[in-house]
There are 2 protein chains.
Amino acid sequence: MAEQRSPRDRMVFSAAQLIRRHGVAGTGLRDVVAHAEAPRGSLQHYFPGGKDQLVAEAAQWGGRYAAKRVERFVAALAEPTPGALFAAMAAQWREAFGTEGFVAGCPVVASVADCADNSTVRRAASDAFAGWTGAVAAALRDMRVPYKRAESLATLMISALEGAILMARAERDIRPLDVVVEELRPLLDGAVR
Amino acid sequence: MAEQRSPRDRMVFSAAQLIRRHGVAGTGLRDVVAHAEAPRGSLQHYFPGGKDQLVAEAAQWGGRYAAKRVERFVAALAEPTPGALFAAMAAQWREAFGTEGFVAGCPVVASVADCADNSTVRRAASDAFAGWTGAVAAALRDMRVPYKRAESLATLMISALEGAILMARAERDIRPLDVVVEELRPLLDGAVR
């Protein structure tokens with residue numbers, strides 16, 4: 001996969017993967033260059049804004065990835081309902097934790113958690129959440145959830161998912177993901193007009 | 001407040017406050033000693049396990065603080081309901097963001113976000129979430145929520161709150177906190193037998 005990307009894209013992807021594990025402060029630029037197998041000096045070339053720019057683009061990549069996934073989840077559902085979409089969003093994390101262990105979380109959360117006083121990174125994380133929320137809200141509207149309610153439920157779904165991801169990583173157990181999916185299902189499906 | 005604590009307690013408290021802002025990797029031991037106004041060398045004396053021990057105790061402090069707050073919130077409610085408890089939990093963060101800005105989040109989340117591969121810290125974060133969840137579940141049971149359901153709803157409340165805190169910090173807006181409180185209220189209050 002990574003080999004087909006341009007060096008610039010590989011660096012953004014690698015930054016996101018390292019930030020998912022070690023946070024922003026724990027991710028060094030040299031580690032990103034090594035992980036991306038990029039030429040030395042390419043970082044300055046592609047990211048004149050330095051680490052802030054790279055981290056911001058990694059957060060934005062995370063938001064775009066999550067938003068695109070929403071469309072794929074909906075397309076794969078036999079019967080698209082809000083509860084089924086949320087179950088699919090959580091299932092992606094269940095699978096990732098099952099195959100990779102619990103070491104890596106959401107890159108957008110990681111960039112907010114230790115970097116909220118950096119306006120470049122913080123704005124990128126906000127954009128990432130907004131893009132993801134917008135994609136979920138659009139999917140809910142296609143399932144006949146009223147316009148304004150769709151935005152609120154998308155915020156609730158992403159909040160509960162992000163919190164459950166963090167609790168699951170702490171516990172090393174997918175239990176919190178299963179709990180939020182089961183508890184929110186009636187609320188989400190009940191919002192369909 | 002901080003002046004009344006022992007040097008050891010001040011160091012744990014200071015570590016938690018710095019981790020809330022800068023994450024674990026972004027918090028240096030010297031910064032903790034300076035923030036706590038503790039004597040140099042006291043860190044090695046009180047925390048022979050080094051930074052891991054200090055960070056683990058900071059996460060545990062966060063869990064105890066949150067659990068104790070639950071009792072105080074319930075005691076202050078005119079009519080204790082699950083939805084009113086959740087609103088009070090979120091209101092604490094609304095107020096903190098209003099007075100301090102959005103720079104500091106939950107110390108337990110911060111320790112998981114960039115430190116989940118450190119077993120000492122990760123276990124402490126898990127204990128912190130467990131203690132907090134237990135306190136919320138006990139409060140819900142006192143409000144006549146059935147035994148097993150109380151545990152699930154406590155997990156949902158803490159997941160949604162933690163996620164909304166992160167989204168609020170990214171947006172610099174308390175909107176996500178208000179949204180999860182309003183959306184979860186009927187679900188939470190409907191669980192009372």
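This briefing describes how helices pack within and between two chains of a predicted model. Local features need pLDDT of at least 70, side-chain atom pairs count only at pLDDT 80 or more, and totals for chains, interfaces and linings use all residues. Residues are numbered from 1 along each chain as its sequence is written, while chains are lettered from A and ligands numbered from 1 in the order in which they are written. The model scores ipTM 0.96 and pTM 0.97. Chain A has a mean pLDDT (the predictor's confidence in each residue, from 0 to 100) of 96, and 98% of its residues reach 70 or more.

**Relation of the two chains**

- A turn of 180° with a shift of 0.0 Å along the axis lays chain B on chain A with an RMSD of 0.0 Å, where copies are superposed by least squares on the C-alpha atoms of residues with pLDDT of at least 70 in both.
- That is the relation of a two-fold axis.
- In chain B, the C-alpha of B:Ala160 is the one nearest the axis, 2.0 Å from it.

**The interface**

- Chain B and chain A each give 40 residues to the contact; two residues are in contact if their C-beta atoms, placed from the backbone, lie within 7 Å.
- On the side of chain B that touches chain A, at least two residues each come from helix 1 (7-22), helix 6 (107-113), helix 7 (119-142), helix 8 (147-171) and helix 9 (175-189). Helices (H or I, at least four residues) and strands (E, at least two) are DSSP runs, numbered from the N terminus.
- Helix 8 of chain B provides the largest share of that side, 16 residues.
- The side of chain B that touches chain A has 23 nonpolar, nine polar and eight charged residues. Ala, Val, Leu, Ile, Met, Phe, Trp, Tyr, Cys and Pro count as nonpolar, Asp, Glu, Lys and Arg as charged, and the others, Gly among them, as polar.
- The copies meet through the same surface, because 100% of the interface residues of chain B are also interface residues in chain A.

**Helix 8 against helix 8, between the chains**

- The axes of helix 8 of chain A and helix 8 of chain B cross at roughly 105° and come within 6 Å. Axes are lines fitted to C-alpha atoms, for helices over the stretch in contact, and angles run from 0 to 180 degrees between N-to-C directions.
- These two helices are therefore roughly perpendicular to each other; angles under 35 degrees count as roughly parallel, over 145 as roughly antiparallel, 65 to 115 as roughly perpendicular and the rest as oblique.
- The residues that meet include A:Ser159, A:Ala160 and A:Gly163 in chain A, and B:Ser159, B:Ala160 and B:Gly163 in chain B.
- By class, this contact has 14 nonpolar, six polar and two charged residues.

**Packing within each chain**

- In chain A, helix 5 (residues 82-100) packs against helix 8 (residues 147-171) at an angle of about 25°, with the axes 11 Å apart.
- That makes helix 5 of chain A roughly parallel to helix 8 of chain A.
- Among the residues that meet are A:Phe86 and A:Trp93 in helix 5 of chain A, and A:Met157 and A:Leu161 in helix 8 of chain A.
- The contact of helix 5 with helix 8 in chain A has 11 nonpolar, no polar and no charged residues.
- In chain B, the axes of helix 7 and helix 8 come within 8 Å and cross at roughly 125°.
- Helix 7 and helix 8 of chain B are therefore oblique to each other.
- The contact of helix 7 with helix 8 in chain B has 11 nonpolar, two polar and two charged residues.
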